[in-house]
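Good morning, and thank you for the time today. I would like to introduce a structure that may be new to many of you, beginning with its overall build and then turning to its aromatic residues.

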Amino acid sequence: MSLLALAGSWSDFFSGFENQDQYAVLQSVFNILSIVLWVVLGIVGAVGAIYAIYLGVRLARAEDQSKRDEAKKHLITVAIAVGVTIVLILFFNTFLPMLLDAFGVKDGMELGDNTQSFITLLSR
């Protein structure tokens, strides 16, 4: 497991709440979702790499300029799609729990009176 996965994860985020019983279901759902997203990351990376190799071979074997340009455009599109997918999965699995923890979202959820007074202040 990487250092980023240890530093920020959904199980670490939900473990800080005082009432563990209330958040037990959420913690299990987010743990399953996290595992699914890591599996999707592996699959997308593998399929993207195989497809990029295929497009690279098509680019190398293209005989005329139009086929080369088409293969080049597809190769760029695949690289962007795989890159965006990797960034989004890393964001949702690692950086989002760290950001929520850093901005004190847990504290706002546990302090019901302060949250209610803030909502009342906003509604004025």
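Helices and strands here are runs assigned by DSSP, where a helix has at least four residues and a strand at least two. Read in that way, the protein chain follows the pattern α-α-α-α-α-α along its sequence. That amounts to six helices and zero strands. Please keep in mind that this is a predicted model.

Let me continue with the chain as a whole. The protein chain has 124 residues, of which 18% count as buried. About 8900 Å² of the chain is exposed, and carbon and sulfur atoms supply 68% of that area. As for contacts, consider those between residues at least 6 apart in sequence: 62% of them join residues at least 24 apart.

I turn now to the aromatic side chains. How many aromatic pairs does the count come to? The count comes to two aromatic pairs. One of them joins Tyr51 and Tyr54, whose ring centres lie 6.0 Å apart with the planes at 25°, so this pair is stacked. The cut-off behind that label is an angle under 30 degrees between the planes. Both tyrosines belong to helix H3, which covers residues 24-61, and because they are three residues apart there, about one helical turn separates them.

Are these two tyrosines buried or exposed? Tyr51 is partly exposed, at a relative accessible area of 36%. Tyr54 is likewise partly exposed, at 44%.

Phe91 and Phe92 also form an aromatic pair, and this one is edge-to-face, with 5.4 Å from centre to centre and 70° between the planes. Phe91 has a relative accessible area of 30% and is partly exposed. Phe92 counts as partly exposed too, with a relative accessibility of 40%.

These two phenylalanines lead to the last feature I wish to present. Which residues form a nonpolar patch on the surface? The patch consists of Ile76, Ile80, Val84, Leu88, Phe91, Phe92, Phe95 and Leu99, and together these residues have about 680 Å² of accessible area. One member, Phe95, is found in helix H4, which spans residues 65-102. Phe95 is partly exposed, because its relative accessible area of 32% falls between the 20% limit for buried and the 50% limit for exposed residues.

To close, I would ask you to look once more at Phe91 and Phe92, which form an edge-to-face pair and also belong to the nonpolar surface patch. Thank you for your attention.

Technical notes. Residues numbered from 1 in each chain as written. Predicted model: local features only at pLDDT ≥ 70, side-chain atom pairs only at ≥ 80, totals over all residues. Heavy atoms only, no water. Patch = residues over 30% accessible without salt bridge, like charges linked within 9 Å, V, L, I, M, F, W, Y side chains within 5 Å. Areas by Shrake-Rupley, 256 points an atom, 1.4 Å probe, with all protein chains shown as cover. Salt bridge = Lys/Arg side-chain N within 4 Å of Asp/Glu carboxyl O. Buried < 20%, exposed > 50% of the residue type's maximum accessible area, 1.4 Å probe, protein only. Contact = heavy atoms within 4.5 Å. Phe/Tyr/Trp six-rings, centres within 6.5 Å; stacked < 30°, edge-to-face > 60°.
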